[in-house]
Amino acid sequence: MPAPDAPFVTAGLSRDNACAAGRAFLRAAGVEAAAEDARALLLAACSIDRLALLTAAAASVSAVEAQQYRLFLERRAAGEPASRILGRRAFWTLDLEVRPGVLDPRPDSEALVRLALRVGRRDGTAPRRILDLGCGSGALLCALLDEFAEAFGVGVDLSDKACAATRANLASCGLGRRAAVVRGRWSAALAGPFDLIVSNPPYIRVDEFAALDREVRDHDPWLALDGGPDGLDAYRELFAATPGILGHNGVIAVEFGSGQAGDVERLANQQGLHKIDSEQDLVGRERASAFAPT
Ligand SMILES: C[S@@+](CC[C@H](N)C(=O)[O-])C[C@H]1O[C@@H](n2cnc3c(N)ncnc32)[C@H](O)[C@@H]1O
């Protein structure tokens with residue numbers, strides 16, 4: 001789609017009208033969540049929250065706010081996700097920092113959190129030792145430690161940037177003292193035992209890369225996406241190592257791509273793990289499964 005004209009947002013416009021102009025601009029640029037993104041970017045440009053927009057919708061935007069808003073809108077229209085522009089992402093009940101070079105955590109991954117909460121409590125006790133393999137921004141680890149208040153967590157990632165982002169998010173969520181972050185290849189440097197292991201590993205097939213949304217292709221790191229020729233490389237490694245680090249009654253819960261549930265289950269079965277539960281994403285596709293030793 002050709003780039004639309006510059007957004008019509010000038011100083012003196014009411015916040016409400018600025019928001020409407022931003023929405024129209026993003027719609028014309030083909031942005032799917034135009035209304036939501038226009039509002040989020042306006043709130044950031046004016047440094048206000050949703051309540052201030054609702055209760056003072058007629059207040060005018062200043063010249064500085066209008067200029068900032070126009071810049072944000074232009075970046076969004078050029079394909080940069082709103083979460084990347086704002087450097088923030090709401091995940092589960094938390095507000096997380098999103099950093100360049102680190103996967104932007106997606107709402108779909110909340111399916112894995114829901115599943116992990118269910119299987120983690122399945123025998124009436126809560127897990128004490130949690131491991132997040134490929135922790136990225138730390139979204140899963142932060143959500144689980146926030147929910148399991150007695151647990152200690154370990155996050156592992158091969159990327160230095162991801163390890164730094166996880167540490168920052170743990171600290172800002174007040175969870176830093178209940179977690180350690182290790183740079184390494186999956187569980188290679190760890191001994192266990194863990195009660196609950198979670199992972200949202202890379203699962204994109206190499207031949208799918210060209211067809212990815214440009215918002216993913218241009219902004220998420222390839223290390224976080226590359227699942228190898230059949231998209232399943234990481235699951236082979238993860239499941240092979242699981243029996244050695246899973247505690248008594250322990251569970252591993254993993255996220256996967258749409259249509260991969262059967263293949264992931266087969267790979268788990270080959271390592272003596274059987275499926276005990278699963279969870280769907282926001283549009284009803286099976287996107288996470290939990291496995292325990294047979
Ligand atoms: C799909 S992202 C998931 C990030 C985060 N857990 C989430 O759900 O938002 C996969 C993560 O695995 C990491 N990763 C890829 N290969 C790895 C490996 N061999 N060992 C450890 N981490 C790896 C990537 O750097 C990336 O942060």
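Of the 17 residues around the ligand, which come nearest? In this predicted model, the residues that come nearest to the ligand are G134, D157, W186, N200 and A224, out of the 17 that surround the ligand. Two of these five residues also take part in polar pairs with the ligand, and the backbone and the side chain are both represented. For W186, a backbone N or O atom lies 2.9 Å from a nitrogen atom of the ligand, whereas for N200 it is a polar side-chain atom that lies 2.9 Å from an oxygen atom of the ligand. A further pair involves L158, of which a backbone N or O atom is placed 3.2 Å from a nitrogen atom of the ligand.

Helix α1, which spans residues 15-28, packs against helix α2, which spans residues 34-46, at an angle of about 135°, and their axes are 8 Å apart. Because angles over 145 degrees would be needed for a roughly antiparallel arrangement, α1 and α2 are described as oblique to each other. The crossing in which α1 passes α2 is right-handed. On the side of α1, the contact is made by R15, A18, C19, G22, R23, L26 and R27, and on the side of α2 by A34, A35, D37, A38, R39 and L42. Sorted by class, this contact of α1 with α2 contains seven nonpolar residues, one polar residue and five charged residues.

Helix α1 also packs against helix α4, formed by residues 63-77, and here the angle is about 20° and the axes are 10 Å apart. With such an angle, α1 is therefore roughly parallel to α4, since angles under 35 degrees count as roughly parallel. The crossing of α1 and α4 is right-handed. Residues A18, C19, G22, F25 and L26 of α1 meet Y69, L73, E74, R76 and A77 of α4 in this contact, whose residues divide into seven nonpolar, one polar and two charged.

Two features of the backbone remain to be described. Most residues other than glycine have a negative phi, and most peptide bonds are trans. Against this background, S47, which is not a glycine, has a positive phi of about 50°, and S47 is located in the loop between α2 and α3, the latter covering residues 50-55. The peptide bond that joins G192 and P193 is cis, with an omega of about 5°, and P193 lies in the loop between β5 (179-183) and β6 (194-199).

Key: Residues numbered from 1 in each chain as written. Predicted model: local features only at pLDDT ≥ 70, side-chain atom pairs only at ≥ 80, totals over all residues. Heavy atoms only, no water. Axes fitted to C-alpha atoms, helices over the stretch in contact; angles between N-to-C directions. Helix = DSSP H or I, 4+ residues; strand = E, 2+ residues; numbered from the N terminus. Parallel < 35°, antiparallel > 145°, perpendicular 65-115°, else oblique. Left-handed = near helix turned anticlockwise from the far one by under 90°. Contact = heavy atoms within 4.5 Å. Nonpolar A, V, L, I, M, F, W, Y, C, P; charged D, E, K, R; others polar. Near = heavy atom within 4 Å. Polar contact = N/O pair within 3.5 Å; in protein donor to acceptor, adjacent residues only side chain to side chain.
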